[in-house]
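Work through the exercises below with the sequence and the structure in view. Each task is followed by its solution.

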Amino acid sequence: MANPQDGRNALMAAAHALVLCGSMPKHGDGLTSISCGKLTAGEMRNVIPVKAKMEMEVRGASNELCQYAFSEAERSVKFACAAFDVTYRIEKVGQAYTMNPSPELADLLEVCACETVGEKGVGRYSEKGGSEDFTVMMDRVQKLGGKAAHFYYGADSTCNHRSDFDPDDVRSMPIGFEVLVRVLTRLNGEKDC
């Protein structure tokens, strides 16, 4: 005898959690985002999925806003799973911090980049311009008394986090290398490369 009332649909729970994450309230203190890059579930088209897996990422314009986005994602998953009577487990596999470069090193990077490609080819990010994976290393260096900064180059056709991301390595690597040589030359007390 069939007992459909005993079935639990993990895919439906995951899909609802995803919709809830997408409707996260914006925060007045800055940008936040929750994105799901992968959702997998099920075995066959006519079998109710008993397991689902979502791979997600949260971002925020500050460490506090990253935590806000994470809490909102966690709350969405909890509510959706309660509604569908399924269990869940959240595994945090990494994080990024707020980009907070050492001002004098960021200024030097900007000067060296302008010397390399000209002022029109250089844009300055805001001082606390959001999270980035490299910020974990920047934070560690700064906590140990060092200076740290970060720059992007070489991918002006599409943004990263897309399947068609394809930086022009042949053209961009020498430019990035030259900027770094100029920075290191100056940091070692020399004026010209």
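**Exercise 1.** State how much surface the protein chain exposes and what share of it carbon and sulfur atoms supply.

*Solution.* The exposed surface of the protein chain is about 13,500 Å², by the Shrake-Rupley method with a 1.4 Å probe. Carbon and sulfur atoms supply 55% of it. The model is predicted: local features need pLDDT of at least 70, side-chain atom pairs count only at pLDDT 80 or more, and totals for chains, interfaces and linings use all residues. Residues are numbered from 1 along each chain as its sequence is written, and side-chain values use heavy atoms, with hydrogens and water left out.

**Exercise 2.** Compare the radius of gyration of the protein chain with that of a compact globule.

*Solution.* Step 1: the rule, 2.2 Å times the number of residues to the power 0.38, puts a compact globule of 193 residues near 16 Å. Step 2: the protein chain has 22 Å, taken over C-alpha atoms. Step 3: its C-alpha atoms fill a box of roughly 85 × 35 × 30 Å along the principal axes.

**Exercise 3.** Find which residues make up the largest nonpolar core and which helix gives the most to it.

*Solution.* Step 1: such a core joins buried (under 20% relative accessible area, 1.4 Å probe, protein chains only) Ala, Val, Leu, Ile, Met, Phe, Trp, Tyr and Cys residues through side-chain atoms within 4.5 Å. Step 2: the nine residues are L105, A106, L108, L109, C112, A113, A149, V179 and V183. Step 3: α3 (103–117) and α5 (169–187) each supply at least two of them; α3 gives the most, with six. Helices are DSSP runs of H or I, at least four residues, numbered from the N terminus.

Terms used. Buried < 20%, exposed > 50% of the residue type's maximum accessible area, 1.4 Å probe, protein only. Helix = DSSP H or I, 4+ residues; strand = E, 2+ residues; numbered from the N terminus.
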